[in-house]
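Subject: The structure you asked about

Hi,

Here is the structure I promised to pass on. Have a look at it first, and then read on for my notes.

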Amino acid sequence: MSTGINRRDLIKLAVGYPLLVHLSRASATETGSHADIRCADVTSLRSLQSLKAGQVISLTEYIRGSGKGGGTFTVDLSDKQSLDDGGYCFINVSGQRLKRVCPNNIIYASDYGIDGKSPDNTDAFKHFAKCKLDKNVDVNIFTQGMVMLADNTRLTGSDGVIIRAVGDINHDPDRSENNQGQTIEIGHGCIIDGISIDGGGYRNNGFLIEKKNNVTIRNCKVANGKGQAILDYMSKSCVYEGNHLSTSFHGIQLWLSKDISINSNQISQVKGGIWSACAQNVTATKNLIHDCSDVGLDWEGGNNCISDGNTIKFCTNGELAVFATGKELTRFNIPMGNLIHRNNIVIRAGDYLNRSGIKKINYLQDVGACMIYGNLDPHLTGPVIFENNDITVKDSANKSMRCFSSRSSSKSDAVIIFRNNKFQSFSSDMGVLKGLNKVVFEGNTFVYHSDKYNVNSTLFQNITSLSLTANEVNVLSHQNTSSSIFNISSGPTGVTKIEVQKNIFNGFAAYAFVVNGRNLASQAVINGNIFNPNLKTREFISIKDSKLKVSKKYFLMLNDGFY
């Protein structure tokens, strides 16, 4: 018997704590004014009554035989409001709050009775996520519902542990009926690190960040979902980095977001890799994106968005893309402009691996590695720029293998700039640009590799203003003896200007370029170009269409070295 404890004290203790005589459930020894109490499981814990403030209780395990969820609790008599959440706070039969002692301010999923075996841990998972302490997922979780993570908390995952969305996760009843389901909705200021999510039903997203600020999701894995791996809607100052996202609908999708960093992620076998809709001030750097059934990295409207140093491969509708503001987003009046793709490595090929792991052969559509989709916004606040990219197009039976392409945006004042890129084509096609306002090619290198084809010349069609300056063209195939490299065609609405200056043409081709003009609005200037043909009998330039001459005025000037 401990010093200071006599028979009378023990009688008082038994009277004060009648339940403690059932030693199979709880026992106690008094030390000073506090008691150390041991409970075998949470049923015993909740059965305690008439405790004193500050008493310490030891819980062996959550459920007998589980070996998990044990810990230390203290009695908080000052708290009359907290609910029994089944993990951090328990309420005993006397209505007293018993609070778990959490070293380093971290609570664990197993503290909520989740043992990694149950087919449905949804309710416990929801309570765990709402806890305002930092959290660690230390056991597998099976969920059929959506959880909401408390603001300003950290959620981490132990190695090898997975959150499994085992069915359709429908919208939360408190939210819009049309809202998509989410496995985890993130609160303000949260940091998510090392979490793995697998599965999910129709329209189920992995992480939702809606109208939140200062969220970081890093080193996470999301796979086999039918929604977006990460969906950011109208959030600000968020970071998504180092994540592995695959076999979901989209990888990372932004809607009306602002000040977002997307860095060093690996995204594959999704529809869209990184899809940014009407976002502002977005940077996407050092990401690896491949095997997308739609686009790889896409700026859809928005402004001041930069992709830099990414590697993007095998995307059916374009590896680097620019879209107009979506019709459903025009009401937000977000200006479009200053959309930049630079320093990226792009490989385009005819085949890709779909979400089911099936290789689709010769499946890519009639678009290009650098893709400008049609009907861009009427006014852009800054240019669309592709610069310092390394673009390679592989050979394919599909003739859509292009380094760049566009669809008509005749009502837009967009300025499209290609600067210092390296375009390499092993296919029959280099590119097609049409229906644009102003296009500038400056300092690019074009390399035609294939021996199989005559060069199907890059076609510039219905472009109001075209400038080709200081580019180098290398045609390596000796088969290209009856083809042209650039085919420039103005449209019926007229052309402001055509400039082809200071370019270097090397290799095999019948023509360096063909100018097919209709009703030019100003003189076309072609001068200062250098030709190094491998067949000296080739012609260098072809001028077609008598409409280059209107009345007594000629609209084409040829200067320097055309003999």
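Below is what I found, sorted by topic. Please keep in mind that this is a predicted model.

Cysteines

How many disulfides does the structure have? The count comes to 0 disulfides. Cys315 is a good place to see why: its sulfur has its closest cysteine sulfur in Cys292, 3.8 Å away, which is too far for a bond, because a disulfide needs the two sulfur atoms within 2.5 Å. Cys315 is also buried, with a relative accessibility of 0%. Cys190 is another buried cysteine, with a relative accessible area of 0%.

A pocket

Next, please turn to the second largest pocket, which holds about 330 Å³ of space. If you would like to find it on screen, its lining includes Ser82, Leu83, Asp84 and Asp85. Tyr88, Cys89 and Lys99 are also among the lining residues, and so are His127, Lys130, Cys131, Lys132 and Leu133. What is the make-up of this lining? By residue class, it divides into 5 nonpolar, 2 polar and 5 charged.

Aromatic rings

There is plenty to look at here, as the structure holds 18 aromatic pairs. One of them joins Phe323 and Tyr373: the ring centres are 4.0 Å apart and the planes meet at 15°, so this pair is stacked. The two residues come from distant parts of the chain, 50 residues apart. Phe323 belongs to strand S31 (residues 320–323), while Tyr373 sits in the loop between strand S36 (368–372) and strand S37 (384–387). Tyr373 is buried, at 8% relative accessible area.

The pair of Phe404 and Phe418 has another geometry. With ring centres 5.5 Å apart and planes at 45°, it counts as tilted. Phe404 is in strand S39 (residues 402–406) and Phe418 in strand S40 (residues 415–419), so the pair ties together parts of the chain that are 14 residues apart in sequence. Are these two rings in buried or exposed residues? Phe404 is buried, with a relative accessible area of 0%, and Phe418 is buried too, with a relative accessibility of 0%.

Phe404 and Phe418 also belong to one aromatic cluster. Its other members are Phe386, Phe423, Phe441, Phe446, Phe460, Phe486 and Phe505.

One more ring deserves a look, this time for its charged partner. Which residue has its charged end over the ring of Phe426? That is Lys394, whose charged end lies 5.6 Å from the ring centre.

A few single residues

Ile347 is located in strand S33 (residues 345–348). This residue counts as partly exposed, with a relative accessibility of 24%. Along the chain, Ile347 and Gln424 are 77 residues apart, and their C-alpha atoms are separated by 9.6 Å.

Finally, here are two asparagines with a backbone angle to check. Asn214 has a positive phi, near 60°, in a residue other than glycine. Its place is the loop between strand S16 (205–210) and strand S17 (216–218). Asn281 likewise has a positive phi, of about 60°, although it is not a glycine. Asn281 is found in strand S26 (residues 280–285) and is partly exposed, at 30% relative accessibility.

Happy to talk any of this through whenever suits you.

Best wishes

Note on methods: Residues are numbered from 1 along each chain as its sequence is written. This is a predicted model: local features need pLDDT of at least 70, side-chain atom pairs count only at pLDDT 80 or more; totals for chains, interfaces and linings use all residues. Side-chain values use heavy atoms; hydrogens and water are left out. Buried means under 20% relative accessible area, exposed over 50%, partly exposed in between (1.4 Å probe, protein chains only). On a 1 Å grid over the protein atoms alone, a cavity is a set of points where a 1.4 Å probe fits but cannot get out, and a pocket is an open set with protein on both sides within 12 Å along at least five of seven lines; lining residues have an atom within 4 Å of a point. Grid points are joined across faces, edges and corners, and a volume is the space filled by probe spheres set on the points. Ala, Val, Leu, Ile, Met, Phe, Trp, Tyr, Cys and Pro count as nonpolar, Asp, Glu, Lys and Arg as charged, and the others, Gly among them, as polar. Rings of Phe, Tyr and Trp (its six-membered ring) pair if their centres lie within 6.5 Å; planes under 30 degrees apart count as stacked, over 60 as edge-to-face and the rest as tilted. Helices (H or I, at least four residues) and strands (E, at least two) are DSSP runs, numbered from the N terminus. A charge sits over a ring if NZ of Lys or CZ of Arg is within 6 Å of the ring centre and within 35 degrees of the ring normal.
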